[in-house]
Amino acid sequence: MLERAALEQLDREALVELALEAQVAALAARVEELGGRPPAPPPAPAPPAFVKPAASPKPGDRPRQRRPQGFAPRGEAPTRVVEHAVAACPACGAALRWGEVVRRRQVLHVPPAPADVVEHVVPRRVCHSSRYSAR
């Protein structure tokens, strides 16, 4: 290793190069120590007791039978269709025609409905002949 006075004379790039050379030498010594092979990885920890081993397929098992139709939700009938198509080529400006539908997406817009405010009024009624008050 160089002395402190010699290290202070070097610029940053030379110091980095010197440090990298020292690191390479240390790593090469470690490789020689291991005989040119990387060390074996540590053994994997055993799974907890509640984990079941993966079930292997049984000899008589068949692949799953496919259904004739899918059960994915169908889209609603659209009330409005908005096409997002480019009319001209962005590179050369030539008009673009035809094309195929690449993607469809339905967005349901539910407009906010005004609140229905119901006021219940209970009047007091008075019978003048019997002096009875009813509510």
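In the predicted model, Gly-35 adopts a positive phi of about 80° immediately after helix 2. The helix that precedes this glycine comprises residues 12–34. With 23 residues at 1.5 Å a residue, helix 2 should span 33 Å, and the separation of its end C-alpha atoms, 33 Å, agrees with that expectation.

Helix 2 also contains the pair Glu-33 and Arg-30, which are joined by a salt bridge whose closest N and O atoms lie 2.6 Å apart. This distance falls within the 4 Å cut-off applied to such contacts. The two residues are three positions apart in helix 2 and are therefore separated by about one helical turn. In general, an α-helix has 3.6 residues a turn, so residues three or four places apart point the same way. The partners differ in accessibility class: Glu-33 is exposed, with a relative accessible area of 59%, whereas Arg-30, at 40%, counts as partly exposed. The salt-bridge count for the structure comes to one.

A further residue of helix 2 is Gln-23. With a relative accessible area of 46%, Gln-23 is partly exposed, since that class covers values between the 20% and 50% limits. The C-alpha atoms of Gln-23 and Pro-45 are 32 Å apart in space, the two residues being 22 positions apart in sequence.

The loop between helix 2 and strand 1 (125–127) includes Pro-63. Pro-63 is exposed, its relative accessible area being 73%. Between the C-alpha atoms of Pro-63 and Val-118 the separation is 61 Å, for residues 55 positions apart along the chain.

Trp-98 is likewise located in the loop between helix 2 and strand 1. Although not a glycine, Trp-98 has a positive phi of about 55°. Most residues other than glycine have a negative phi. Trp-98 counts as exposed because its relative accessibility, 78%, is over the 50% limit for that class.

The structure holds zero disulfides. Cys-89 takes part in none, and the nearest cysteine sulfur, which belongs to Cys-92, is 3.7 Å away. For Cys-92, also in no disulfide, the nearest cysteine sulfur is that of Cys-89, at 3.7 Å. The pair is not assigned as a disulfide because the criterion requires the sulfur atoms to be within 2.5 Å. The surroundings of the two cysteines can also be described by accessibility. Cys-89, at 22% relative accessibility, counts as partly exposed, while Cys-92, at 60%, counts as exposed.

The largest pocket has a volume of about 1200 Å³. Its lining consists of 25 residues, and those nearest the pocket centre are Val-81, Val-82, Glu-83, His-84 and Arg-105. Classified by residue type, the lining of the largest pocket is made up of 12 nonpolar, five polar and eight charged residues. Of the residues nearest the centre of this pocket, Val-81 and Val-82 belong to the nonpolar class, Glu-83 and Arg-105 to the charged class, and His-84 to the polar class.

Conventions. Residues numbered from 1 in each chain as written. Predicted model: local features only at pLDDT ≥ 70, side-chain atom pairs only at ≥ 80, totals over all residues. Heavy atoms only, no water. 1 Å grid on protein atoms, 1.4 Å probe; cavity = no way out; pocket = protein on both sides within 12 Å on 5 of 7 lines; lining within 4 Å. Points joined across faces, edges and corners; volume = space filled by probe spheres on them. Buried < 20%, exposed > 50% of the residue type's maximum accessible area, 1.4 Å probe, protein only. Salt bridge = Lys/Arg side-chain N within 4 Å of Asp/Glu carboxyl O. Helix = DSSP H or I, 4+ residues; strand = E, 2+ residues; numbered from the N terminus. Expected span 1.5 Å × (residues − 1).
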